[in-house]
Each structure stands twice: as C-alpha cells, then as structure tokens.
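Here are my notes for someone meeting this structure for the first time. Have a look at the model and then follow the points in order.

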Amino acid sequence: MDTKTVHRRTYLDILRILASFLVCYNHAASFHIFLDQEANGSLLSWIMVFSSVICRINIPMFFMISGALLLGRERTYRELLQRVFRFAILLAGASLIKFLHDHPADFSWTGYARNLLSGNINMSYWYLYAYMGLLLVQPFLHRIAVALTWKDILCLTALRFLMITFFPAVNYVLQYLGMDPIGISVEFRVPLSTVHVLYYSLTGYYLA
C-alpha cells in the first residue's frame with residue numbers, strides 16, 4: 001500500500017471522528033444551551049451561538065466522505081445491489097426492534113412494513129435511507145464525478161447558494177416587511193445542487 005493511499009485514509013478517518021463528535025454535540029443538551037442564554041454579547045453567548053452553528057457541518061461532512069470513497073471507482077450494479085441489500089437488512093432489523101418496543105400490544109407486520117418504507121419508525125435512521133439512495137445512483141454519479149472541474153463545482157455551489165440561501169433569505173426579509181414572498185415554480189429544479197446527498201458527495205469526491 002503506497003504512502004498516498006495511507007495518508008488519504010488517515011485524513012478521512014480523522015474527518016469521520018470529527019463529524020461523529022459534531023453529531024453527538026448536535027443531539028446533546030449542550031447544543032441548546034445558547035437558547036437559554038440572554039443575547040447580551042457576552043463571550044459565553046457568542047461561544048454558544050458559534051458552536052451551535054458550526055456543528056451543523058456534521059452531516060455534510062459525512063456525505064462528502066461518502067462521495068470521496070464511493071464515486072472514484074466504477075462498480076457493478078450487482079455489487080451495489082448487494083451492498084444496498086446488506087444495509088436494508090440492517091435497517092429492517094433495527095427498525096423492527098424499535099417498532100416492537102413502541103407497539104408491544106398492537107404490533108402488526110403491515111404497520112411495520114408501511115412505517116419502515118416511509119421512514120417513520122425512527123427518524124434518526126434517515127441517513128441510512130439517504131445512503132442507500134446514493135448507492136443506487138453511484139454508477140451515474142461516478143461518470144459525472146470523474147469529469148468534474150473546479151468551474152463545475154463553483155457553478156453547482158453558486159446554484160445551491162441561489163436556491164438554498166438567497167431566495168429563502170429574500171423571502172424572509174419580504175415577509176418581515178409585510179410583503180408577499182417570491183414564489184418559484186416547483187418545476188424549476190436543480191437537483192445536483194439542491195439535493196444534499198448529491199451535492200456534498202460530488203463536492204467531497206472532487207476535493208478528495
């Protein structure tokens with residue numbers, strides 16, 4: 001194994017540890033401490049606000065790591081379907097335990113299956129659903145990822161800023177001023193920019 005490969009895996013492991021810590025902090029009581037702090041400009045209030053914002057990079061980091069590891073190699077559909085199947089078994093098993101715990105008296109297989117497909121058994125499992133979806137489109141994303149340039153990444157990022165940040169911010173200001181928000185057709189979509197798992201996976205692959 002060459003030095004470059006070892007280095008690459010090492011920094012990805014470090015990023016995994018950091019992202020895991022940020023996820024834990026995001027779900028800990030300390031994440032909400034800033035809500036109880038008076039916005040008086042004290043050092044503590046600034047630390048609380050900053051930490052509550054910066055920890056939200058946790059899931060984007062995981063998606064970027066997934067993109068860095070998944071999108072660089074051509075994989076067969078059989079290989080990907082086998083991988084999806086393994087994750088589906090894990091998800092179904094964990095969800096069954098949770099569903100049995102929540103419905104000890106009125107358990108039904110139909111209710112379990114419906115809630116499993118809709119992702120309503122345990123909302124914290126949403127990442128597994130997103131990851132399985134990423135696996136199913138990996139061959140297509142691979143063909144896009146290997147041809148990406150820096151200008152492509154900048155373009156995707158600009159489109160994402162426009163759709164995810166700029167328009168919502170403008171509408172927030174308009175509503176604050178008592179004006180009607182700007183409506184955008186639901187048919188106007190830029191999925192490679194606005195779908196989180198796609199954008200961050202492609203960006204993660206390119207940066208890696």
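1. Let's begin on the surface of this model, which is a predicted one. Y77, L81, L136, V137 and F140 form a nonpolar patch there, and together they offer about 480 Å² of accessible area. One of these residues, L81, sits in helix 5, the stretch covering residues 77–102. Is L81 buried or exposed? L81 is exposed, since its relative accessible area is 52% and the cut-off for that word is over 50%.

2. Now for the overall build. The protein chain has 11 helices and zero strands, so reading from the N terminus you simply get α-α-α-α-α-α-α-α-α-α-α. Of the 208 residues in the chain, 30% are buried. The accessible surface comes to about 13800 Å², and carbon and sulfur atoms account for 69% of that.

3. How do the contacts spread along the sequence? Take the contacts in the protein chain with a separation of 6 or more: 73% of them are between residues 24 or more positions apart.

4. My next stop is R160, which you'll find in helix 9 (residues 150–176). What is the nearest side chain of opposite charge to R160? That would be D152, and it is 16 Å away. R160 is buried yet has no salt bridge. With a salt bridge needing a nitrogen and a carboxyl oxygen within 4 Å, D152 at 16 Å doesn't qualify.

5. So what does the R160 side chain have for polar company? One of its polar atoms lies 2.6 Å from the backbone oxygen of S193. S193 also turns up among the contacts of R160: leaving aside neighbours within four places in sequence, these are T165, S193, T194, H196, Y199 and Y200. If you want to look at this spot on screen, centre the view on R160 and pick out those residues around it.

6. On to the salt bridges. How many does the structure hold? There are four, and I'll walk through some of them. R16 pairs with D13, with the closest N and O atoms 2.5 Å apart. Both residues belong to helix 1 (residues 3–26), where they are three residues apart, about one turn of the helix. R16 counts as partly exposed because its relative accessibility is 31%, and D13 counts as partly exposed at 38%.

7. K98 and D102 make another salt bridge, again with the closest N and O atoms 2.5 Å apart. Why are these two about one helical turn from each other? Because they are four residues apart in helix 5. K98 is partly exposed, with a relative accessible area of 27%, and D102 is partly exposed too, with 36%. Helix 5 is also where L81 from the nonpolar patch is found.

8. A further salt bridge joins the side chains of R73 and E79, at 3.2 Å from N to O. R73 is partly exposed, its relative accessible area being 44%. E79 is partly exposed as well, with a value of 30%.

9. A last thing to take away: set R160 beside R16. R160 is buried and has no salt bridge, whereas R16 is partly exposed and forms a salt bridge with D13. For R160, the polar atom to look for is the backbone oxygen of S193, 2.6 Å from a polar atom of the arginine side chain.

Definitions and conventions. Residues numbered from 1 in each chain as written. Predicted model: local features only at pLDDT ≥ 70, side-chain atom pairs only at ≥ 80, totals over all residues. Heavy atoms only, no water. Patch = residues over 30% accessible without salt bridge, like charges linked within 9 Å, V, L, I, M, F, W, Y side chains within 5 Å. Areas by Shrake-Rupley, 256 points an atom, 1.4 Å probe, with all protein chains shown as cover. Buried < 20%, exposed > 50% of the residue type's maximum accessible area, 1.4 Å probe, protein only. Lys, Arg positive; Asp, Glu negative; His and termini not counted. Polar contact = N/O pair within 3.5 Å; in protein donor to acceptor, adjacent residues only side chain to side chain. Contact = heavy atoms within 4.5 Å.
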